[in-house]
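Biologist: Please take a close look at the aromatic pairs in this model. Then show me how they sit beside the sheet, the helix and the core.

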Amino acid sequence: MLDTANRLIELVLQLLGLFRCFQVVDEDEGAVVLRLGRYYRTLTPGFWWILPFYIDRARVKRVLEDTTDLVSQNLTTADDRPVSISVAIRHRIVDTRKALIEAGDFEQCLRDSSIGAVGELVSELTYDELRAITTRRKLKNQVAKNLERWGIVLEDIQISEFTRCRVYHIKQGT
């Protein structure tokens, strides 16, 4: 009996959702409206009317500054020294359309673009050049350039770990 009541409540809520004709975008959010699956407009914070029956659907994303820690990467420098590097990036969304529509999976684009820039920079510089103070500026410029096309502004970047490492290859016999 309880299962039937839960299903009935769920059905009623879904039907009510068909008639929803407004969208509230909070101060810390940005949104895009898809009309019949295609980009229609970008919404700023406030109250907005939208067409019901899922003709218009709003996709909402938090646009405030956020921090993302990238996974540690084991890379080889230009002078063939293996290093391990971890980076934390502070960013915010400035173009909601690019971040939600063009990027597809926003978080994955953010990670892939940043990890790629780190890998590219490490492979171009020697170990001593990477330890220089200017490396962070070069890294910030490269990551910022990569993120710009997804509507993301890089506020800051921190190298949280940078160490030499050893790589061992273990071969297993069959």
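**Aromatic pairs and their surroundings**

Modeller: Start with Phe 162, which counts as partly exposed at 24% relative accessibility. Keep in mind that this is a predicted model. The partner ring belongs to Tyr 127. At 12% relative accessibility, Tyr 127 counts as buried. The cut-off for buried is under 20%.

Now the geometry. A pair of aromatic rings is described by the distance of the centres and the angle of the planes. The ring centres of Tyr 127 and Phe 162 are 5.6 Å apart, and the planes meet at 20 degrees, so this pair is stacked. Planes under 30 degrees apart count as stacked. Tyr 127 belongs to helix H4 (residues 127-131) and Phe 162 to strand S9 (residues 152-164), so the pair ties together parts that are 35 residues apart in sequence.

How many aromatic pairs are there? The count comes to four. Another of them joins Phe 22 and Phe 47, again stacked, with 5.6 Å centre to centre and 15 degrees between the planes. Phe 22 sits in strand S1 (residues 22-25) and Phe 47 in strand S4 (residues 46-49), so this contact ties together parts that are 25 residues apart in sequence. Is each ring buried or exposed? Phe 22 is partly exposed, at a relative accessible area of 33%. Phe 47 is partly exposed too, at 46%. Trp 49 joins Phe 22 and Phe 47 in one aromatic cluster.

Charges also meet rings here. Arg 20 lies over the face of Phe 22, 5.3 Å from the ring centre. Arg 35 has its charged end over the ring of Tyr 40, 3.8 Å from the centre.

That second contact leads to the sheet. Arg 35 is in strand S2 (residues 29-35), and Tyr 40 is in strand S3 (38-43). S2 and S3 run antiparallel and are joined by five bridges. Ala 31 stands opposite Leu 43 of S3. The open sheet has three strands, in the order S3-S2-S5, with antiparallel pairing. S3 and strand S5 (56-62) are the edge strands, and each pairs on one side only. From one strand to the next, the twist averages 25 degrees.

Next, the core. In soluble globular proteins, nonpolar side chains tend to be buried together. The largest nonpolar core here has 27 residues. Those with the most contacts inside it are Val 87, Val 118, Val 122, Leu 139, Val 143 and Ile 157. Strand S8 (82-93), H3, H4, helix H5 (134-148) and S9 each give two or more residues to this core. H4 and S9 thus appear again, having been linked by the stacked pair of Tyr 127 and Phe 162. H3 gives the most, with seven residues.

Helix H3 (residues 106-124) has 19 residues. From first C-alpha to last, H3 reaches 27 Å, close to the 27 Å expected at 1.5 Å a residue. Its buried residues include Phe 106, Cys 109, Leu 110, Ser 113 and Ser 114. Farther along H3, Ala 117, Val 118, Gly 119, Leu 121 and Val 122 are buried too. An α-helix has 3.6 residues a turn, so residues three or four places apart point the same way.

Back to S9 to finish. Val 153 lies in this strand. Val 153 is partly exposed, with a relative accessible area of 28%. The C-alpha atoms of Val 153 and Arg 136 are separated by 16 Å, and the two residues are 17 residues apart along the chain.

How values were computed:
Residues numbered from 1 in each chain as written. Predicted model: local features only at pLDDT ≥ 70, side-chain atom pairs only at ≥ 80, totals over all residues. Heavy atoms only, no water. Helix = DSSP H or I, 4+ residues; strand = E, 2+ residues; numbered from the N terminus. Expected span 1.5 Å × (residues − 1). Buried < 20%, exposed > 50% of the residue type's maximum accessible area, 1.4 Å probe, protein only. Pairing = 2+ DSSP bridges. Axes fitted to C-alpha atoms, helices over the stretch in contact; angles between N-to-C directions. Phe/Tyr/Trp six-rings, centres within 6.5 Å; stacked < 30°, edge-to-face > 60°. Lys NZ or Arg CZ within 6 Å of the ring centre and 35° of its normal. Core = buried A, V, L, I, M, F, W, Y, C linked by side-chain atoms within 4.5 Å.
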